[in-house]
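Let's walk through this fold together, strand by strand. Have the model open and follow along.

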Amino acid sequence: MPSWEWQAERWLRWARTPGHDAYWHYREAFFASIVPEPGRRTLEVGCGEGRVARDLAHRGHRVVAVDASPTLVGHAADADRDGDYLGADAAALPFRDGSFDAVVAYNSLMDVDDMPATVAEAARVLEPGGRLCVCVTHPMADAGRSAGPHELWCHILAEVVTPAPDGP
Ligand SMILES: C[S@@+](CC[C@H](N)C(=O)[O-])C[C@H]1O[C@@H](n2cnc3c(N)ncnc32)[C@H](O)[C@@H]1O
């Protein structure tokens, strides 16, 4: 099972709760200062339920988005019928060399199993002069309390998204 599949429904709730995480505060700066103007074709790797891809499309990008979790890809496609969403491993992308002029990895590189292979794949599918646009969680400010990055992120996700048993 892809590593995020078991947390897919929780991630859906997390990502679709407006204002819930830093995305809602960082996204304008990310799109304005890191992502280039819309060009030929933009790939998002690790799109989750699709909020970044939808925001890219809203800003004029022709987006293809991939994620390893079939459940999240399904939710992304349901939320954006005109979008192009695909189940794929970011470390083995099903695209030809030079297919994109921008690749966006928003909070996904710290979650993939093989980061070097993922970055190499992003480079392969970028045309010469293309741009890889990355945002990752800060290892201490955003994610600082556990043995390994994956366990840590899932721990935080479970802690914040799961209502406390004695909560309101
Ligand atoms: C923190 S979420 C970010 C989702 C989205 N970019 C956002 O910011 O809302 C990380 C995503 O990376 C995906 N992911 C993890 N490993 C992956 C891999 N090897 N290939 C593709 N996607 C992967 C997970 O399924 C998850 O949806």
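Before we look at who faces whom, one definition helps: two strands count as paired if DSSP finds at least two bridges between them. Keep in mind that this is a predicted model.

With that in hand, go to T42, which stands opposite A102 in β4 and opposite V63 in β2. Further along, E44 has V104 of β4 as its bridge partner. Strand β1 (residues 42–45) pairs with β4 (residues 100–106) in the parallel sense over three bridges, and β1 pairs with β2, again in the parallel sense, over four bridges.

Now look at the side chains of β1. T42 and E44 point one way, L43 and V45 point the other way, and all are buried. In a regular strand, side chains alternate between the two faces of the sheet.

Zooming out, five strands make up an open sheet with parallel pairing, in the order β3-β2-β1-β4-β5. The edges belong to β3 (84–87) and β5 (126–135); each has a single partner strand, so one side of each lacks a neighbour in the sheet. On average, neighbouring strands here are turned by 20 degrees against each other, direction ignored.

Helix α4 (residues 70–79) packs on this sheet, where it touches β2 (63–67) and β3, and its direction makes about 170 degrees with that of β3. Another helix, α3 (residues 51–58), joins β1 and β2 in a right-handed β-α-β unit.

Finally, visit helix α1 (residues 8–15), whose buried residues are W11, L12 and A15. These residues lie on the same side of α1 because they cover an arc of only 105 degrees around the axis.

Methods. Residues numbered from 1 in each chain as written. Predicted model: local features only at pLDDT ≥ 70, side-chain atom pairs only at ≥ 80, totals over all residues. Buried ≥ 20, exposed ≤ 12 C-beta atoms within 10 Å, placed from the backbone. Helix = DSSP H or I, 4+ residues; strand = E, 2+ residues; numbered from the N terminus. Arc of directions from axis to C-beta. Axes fitted to C-alpha atoms, helices over the stretch in contact; angles between N-to-C directions. Contact = placed C-beta atoms within 7 Å. Right-handed = clockwise from strand over helix to strand, strands pointing away.
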